[in-house]
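Okay, thanks everyone, let me get the viewer up on the screen. I'll keep this short, and you can follow along in the structure as I talk.

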Amino acid sequence: DGIGGNKGGVCARFLLGHMSICFVNVHLASGQNAVVERSQHLAQVLSDAFQGISAKGAQRPKKNGFERSSIYHVAAHELCIIAGDFNSRLDLPKEGQWESETQEEWLLRDQIMLGQVSSLRGFREGVLTFAPTYKYKIGSNVLNTKRAPAWCDRVVFKVDPSCRTELLEYASLPSLNLTSDHHP
């Protein structure tokens, strides 16, 4: 629905036995000060997914043979996983001296950890024990010092209390460094 450029989301749902599962992949607005915009875009992706009428009131036609029947809602699934480039940043003043801080101190400034992305209320995330996923010199594991590092690439989930789930691993893949300044 025209969120803008290469930003937005893709959602897929299915049943695994009797369990309803929804996967959402997002690419949200970038920039240090776009935290409100990111939260609004995520809220729009979550509310518009699977709906026959867009938030703008437009009829959404069938796409690739799939009809949007408006009977499914992301939040109503027993397990919902959102992954992608959340573009979350460290909440730092413009002249912030991030280079002198530790990774643990950086996490205390993370916009998602600070609860600034209100559309993620009710979602959980594994413990961030890995290095920031952004901003690296392409082809290397060296942070680009022109920007503060951040954990842009994330996976969050919400699970119905009746379902037993266990997070087995949460990590980044720094070896994926040849084509992007991210280490997802």
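I'll go from the whole chain to the sheet, then to a helix, and finish on one serine.

First, a caveat: this is a predicted model, so please keep that in mind throughout.

Let's start with the overall picture. The protein chain has two helices and five strands, and going from the N terminus the elements run β-β-α-β-α-β-β. The radius of gyration is 18 Å, close to the 16 Å that the globule rule gives for 184 residues, so the chain is as compact as a globular protein of that length. If you'd rather think in terms of a box, the C-alpha trace spans about 50 × 35 × 30 Å along its principal axes.

A few totals for the protein chain. Of its 184 residues, 42% are buried. The accessible surface is about 10,800 Å², and carbon and sulfur atoms account for 54% of that. Then there's the contact pattern: take the contacts between residues at least 6 apart in sequence, and 62% of them join residues at least 24 apart.

Now, the sheet. In what order do the strands sit? It's β1-β2-β3-β5-β4, an open sheet with mixed pairing. At the edges you have β1, residues 8-16, and β4, residues 124-125, each pairing on one side only.

Let's walk across it. β1 and β2 run antiparallel, with nine bridges joining them. Within that pair, alanine 12 is opposite phenylalanine 23, and phenylalanine 14 is opposite isoleucine 21. The hairpin of β1 and β2 has two residues between the strands, and glycine 17 there takes a positive phi near 65 degrees.

Next step over, β2 and β3 run parallel, with seven bridges between them. Phenylalanine 23 turns up again here, with isoleucine 81 as its bridge partner in β3. So far, then, we've had an antiparallel pair and a parallel one.

Moving on to β3, residues 79-85, and β5, residues 153-159: these run antiparallel, again with seven bridges. If you want a spot to zoom in on, alanine 83 stands opposite valine 155 in β5.

What packs on this sheet? Helix α1, residues 35-48, does, touching β1, β2 and β3, and its direction makes about 145 degrees with that of β2. The helix has 14 residues and reaches 20 Å from its first C-alpha to its last, close to the 20 Å expected at 1.5 Å a residue.

Which residues of α1 are buried? They are Val35, Arg38, Ser39, His41, Leu42, Val45, Leu46 and Asp48. Notice that the list includes Arg38, His41 and Asp48 alongside Leu42 and Leu46. The buried residues of α1 pack against β1, β2 and β3. Just past the helix, phenylalanine 50 has a positive phi of about 70 degrees, so to speak a second one for your backbone notes after glycine 17.

Last stop: serine 172, in the segment after β5. Is this residue buried or exposed? Its relative accessible area is 13%, and buried means under 20%, so serine 172 counts as buried. Who are its contacts? Leaving out residues up to four places away in sequence, serine 172 touches Phe130, Ala131, Thr133, His183 and Pro184.

That's my tour, so over to you.

Definitions and conventions: Residues numbered from 1 in each chain as written. Predicted model: local features only at pLDDT ≥ 70, side-chain atom pairs only at ≥ 80, totals over all residues. Heavy atoms only, no water. Pairing = 2+ DSSP bridges. Helix = DSSP H or I, 4+ residues; strand = E, 2+ residues; numbered from the N terminus. Contact = heavy atoms within 4.5 Å. Axes fitted to C-alpha atoms, helices over the stretch in contact; angles between N-to-C directions. Rg over C-alpha atoms; globule rule 2.2 N^0.38 Å. Buried < 20%, exposed > 50% of the residue type's maximum accessible area, 1.4 Å probe, protein only. Areas by Shrake-Rupley, 256 points an atom, 1.4 Å probe, with all protein chains shown as cover. Expected span 1.5 Å × (residues − 1).
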